[in-house]
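Please open the structure in your viewer and keep the selection panel at hand. We will go from one selection to the next, pausing at each to say what is there.

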Amino acid sequence: MAAWFLQILWIHVGCVIASGSLFFTRGCMVLAGWRAANHTALRWISVLIDMLLLAAAIALTTIIHQYPFVQAWLTVKVVLLVAYIVLGTFALKRGRTRAVRATCFVAAVVVFLFIVTVARTQNPFGLFAQL
Ligand code: HEM
């Protein structure tokens, strides 16, 4: 499977771009009051992308023999992925007021971008690793 590392990495990164772009678009739609943001088709597409993202992530960890709860940068990615998902559900649906939804939306985007810096640096402190 190691021979497939680059292809799987690109699936992972492709899903990261698709997941982030779709979440950002849906978040903006929610804040603009568009009910289509939570259309069943969009929710299923999101779930499918996120499942593929996670499947590729698991394949990558297996190939490089580095695992969450062993390597700190992968632990941080998993924990922040959960935070991103929870914040995302409040931003798109569960937040009761517009202020709560907007705050959760901004927090989810910040968490998502920070995960990207953790991935790029392979350091649990991400972009703060240089400080
Ligand atoms: C929203 C969540 C995630 C984002 C935004 C994300 C982002 C990225 C990015 C941008 C890369 C490419 C890094 C580079 O080539 O420089 C990457 C690679 C990788 N990611 Fe993720 N990822 C996420 C979730 C996860 C999770 C949950 C895991 C582990 C269970 C994981 C494991 C990996 C591994 C093993 C690599 C390959 C590292 C290498 O090149 O050796 N990712 N990720």
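**The pocket and the cores**

Sorted by class, the residues that line the largest pocket are 28 nonpolar, eight polar and seven charged. Please keep in mind, as you look at them, that this is a predicted model.

The space inside this largest pocket comes to about 1400 Å³. To find the middle of it, select His12, Val16, Leu53, Leu81 and Phe112, which are the closest to the pocket's centre among the 43 residues that line it.

Next, colour the helices one by one: helix 1 (5–31), helix 2 (40–64), helix 3 (72–94) and helix 4 (98–121) each contribute at least two residues to the lining of the largest pocket. Which helix gives the most to that lining? It is helix 2, with 13 residues.

Now leave the pocket and turn to the largest nonpolar core, which has 18 residues, and select Phe23, Leu80, Tyr84, Ala91 and Val111, the ones with the most contacts inside it. At least two residues of this core come from each of helix 1, helix 3 and helix 4, and helix 4 gives the most, with eight residues.

Stay with Phe23 for a moment and show what surrounds it: once its neighbours within four places in sequence are left aside, Phe23 is in contact with Tyr84, Gly88, Ala91, Leu92, Phe105, Ala108 and Val109.

For the last stop, select Ile8, Ala56, Leu60 and Ile63, which are among the five residues of another core that lies apart from the largest one.

Note on methods
Residues numbered from 1 in each chain as written. Predicted model: local features only at pLDDT ≥ 70, side-chain atom pairs only at ≥ 80, totals over all residues. Heavy atoms only, no water. 1 Å grid on protein atoms, 1.4 Å probe; cavity = no way out; pocket = protein on both sides within 12 Å on 5 of 7 lines; lining within 4 Å. Points joined across faces, edges and corners; volume = space filled by probe spheres on them. Helix = DSSP H or I, 4+ residues; strand = E, 2+ residues; numbered from the N terminus. Nonpolar A, V, L, I, M, F, W, Y, C, P; charged D, E, K, R; others polar. Core = buried A, V, L, I, M, F, W, Y, C linked by side-chain atoms within 4.5 Å. Buried < 20%, exposed > 50% of the residue type's maximum accessible area, 1.4 Å probe, protein only. Contact = heavy atoms within 4.5 Å.
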